[in-house]
Amino acid sequence: MKLVVQVKLLPTPEQALALEATLRACNRAATYASQVAFARGLKDRNGLQKALYADLKATFGLSAQPVVRAVKKVVDAYATLKASLQAGSLGSPASKRYRRAVGTPIAFRPDAAQPFDDRCLSWQYDARTVSIWTVDRRMKGIRFACSPDQLKTLVAHRRGESDLVQRGTKWFLIATCDIPEPEVFEPADWIGVDRGIVNLATTSDGINYQGRRLGRYRRWQARKRAELQQKQTRSATRRLARRAQKEKHHATHVNHRISREIVFVAQRTGRGIAVEALGGIRERVRLRRDQRGTLSSWPFHQLGQHLAYKAKRAGVPFLEVDARHTSQRCPRCGHTERANRPTRDHFRCRRCGLVGPADVVAGVNVRDRARSAWVLVTAPAPSP
């Protein structure tokens, strides 16, 4: 499985200037290559590289391998755009966003990430330094910082490219690691996980990861955003971007913590993890005006992704099951009715009288569906 490891670079002022100049030169070259590719209809790597190789080297002061990486970045960007258009994520062909994406060449920000392969970037793990090509010269001895676990992963599993990233005055390297997948064990049972807004995650064991504190944090952030948006100044815009990045990091940290605890319990008890398949929930669910911002501002999909890859890395079985009526179905008698859930927090079956927390009942229903689905997944194929 592919895993990325992010390490922080600690360059000197001279090294930081060289890295910044390199990043901007590479992105100027990529933007120019994108304009040529758009004008000539060159979207294949070999054709675009043949047409622009000498020009990019002479005009932007790049050596051979950075030119190759810049061309590949352009080709990958257009491939991603094509996939997004086919998937319909940019709207219909009549929408303004779709027409702008199709009618203009892709442009790269001056500080956009730049990939480096092993010819341009080498790692010295014992010294915790890297040597990287720049437009000035090859910079050696740039220190980096990471945890012992990250360093161990880099030494054993790093493969392929590493991306140079600038965030404000900070520099990072994001390395791709190819980690072997452990064999998935046969689960003794399942842990059903119900994701929500008030309670971020509730398991069939009755463990509840409440979001009250997080809700207060998000409301405070929303008020601060509104205050900054009213100012309409450049300084306010910069602060808005920093605040959005900080809130995004906080949400990612919370999702990491929740998923790590659930996967640890599943691994320790020999059980699998089952979640609801929530794809397209924003299109399916009708919400009040005051609920739209709450639903759209928390990355439920990210929590599912964290659970999936952490379970895969630990060898824990992972399933997505049908989400329909999990909060309205009685796990004891099977009766399904909207009236079974009179309030958001409470469940009461109209047929058998089962009472309990609504989110826990939903988690139990997810667990039960995983039991049935796993029997079908592991059943032998019928003989012809």
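Which residues line the largest cavity? Let me start there, and then we'll walk outwards through the rest of the fold. Please keep in mind that this is a predicted model.

The lining of the largest cavity is made up of I191, T203, D205, I207, Y209, E261, I262 and V265. By class, five of these lining residues are nonpolar, one is polar and two are charged. Helix α7, which spans residues 234–269, gives the most to this lining, with three residues. The space inside comes to about 40 Å³, and the count of cavities of 30 Å³ or more is one.

Now for the overall picture. The protein has 384 residues, and 40% of them count as buried. You'll find eleven helices and 14 strands in it, and the C-alpha atoms fill a box of roughly 80 × 50 × 50 Å along the principal axes. If you take the contacts with a separation of 6 or more, 64% of them come from residues 24 or more positions apart.

Let's turn to the open sheet, which has five strands in the order β10-β9-β8-β11-β12 and mixed pairing. At its edges sit β10, residues 208–210, and β12, residues 318–321, each pairing on one side only. From one strand to the next, the twist averages 20°. Strand β11, residues 272–276, runs parallel to β12, and four bridges join the two. For a landmark there, take I273, whose bridge partner in β12 is F318.

What lies across this part of the structure? Helix α10, residues 300–314, lies across β8, β9, β11 and β12. Its direction is at about 160° to that of β8.

Next, have a look at the beginning of the chain. Strand β1 covers residues 2–10, and its side chains alternate. On one face you have L3, V5, V7 and L9, which are buried. K2, V4, Q6, K8 and L10 point to the other face and are not buried. That is a pattern we know well: side chains in a regular strand alternate between the two faces of the sheet.

Which strands does β1 pair with? One is β7, residues 170–178, in the antiparallel sense and over eight bridges. Within that pairing, V7 has L173 as its bridge partner. The other is β5, residues 138–145, again antiparallel, here over three bridges. In this case L10 is the one to look at, with R143 as its bridge partner in β5.

One of those β1 residues, V4, takes us to my last stop, the second largest pocket. There, V4 is among the residues nearest the pocket centre, together with Q150, H256, Y309 and K310. The lining has 30 residues, and the pocket holds about 1200 Å³ of space. Several elements take part: β1, α5 (148–157), β7, α7 and α10 each supply at least two lining residues. Which of them has the largest share? It's α7, with eleven residues. In terms of class, this lining has ten nonpolar, twelve polar and eight charged residues.

So here is the thread to take away. Helix α7 gives the most to the lining of the largest cavity, and the largest share of the second largest pocket's lining comes from α7 too. Helix α10 lies across strands of the open sheet, β8 among them, and also supplies at least two residues of that pocket's lining. Thanks, everyone, and I'm happy to go back to any of these regions on the screen.

How values were computed: Residues are numbered from 1 along each chain as its sequence is written. This is a predicted model: local features need pLDDT of at least 70, side-chain atom pairs count only at pLDDT 80 or more; totals for chains, interfaces and linings use all residues. Side-chain values use heavy atoms; hydrogens and water are left out. Buried means under 20% relative accessible area, exposed over 50%, partly exposed in between (1.4 Å probe, protein chains only). Two strands pair if DSSP finds at least two bridges between them. Axes are lines fitted to C-alpha atoms, for helices over the stretch in contact, and angles run from 0 to 180 degrees between N-to-C directions. Contact means heavy atoms within 4.5 Å. On a 1 Å grid over the protein atoms alone, a cavity is a set of points where a 1.4 Å probe fits but cannot get out, and a pocket is an open set with protein on both sides within 12 Å along at least five of seven lines; lining residues have an atom within 4 Å of a point. Grid points are joined across faces, edges and corners, and a volume is the space filled by probe spheres set on the points. Ala, Val, Leu, Ile, Met, Phe, Trp, Tyr, Cys and Pro count as nonpolar, Asp, Glu, Lys and Arg as charged, and the others, Gly among them, as polar.
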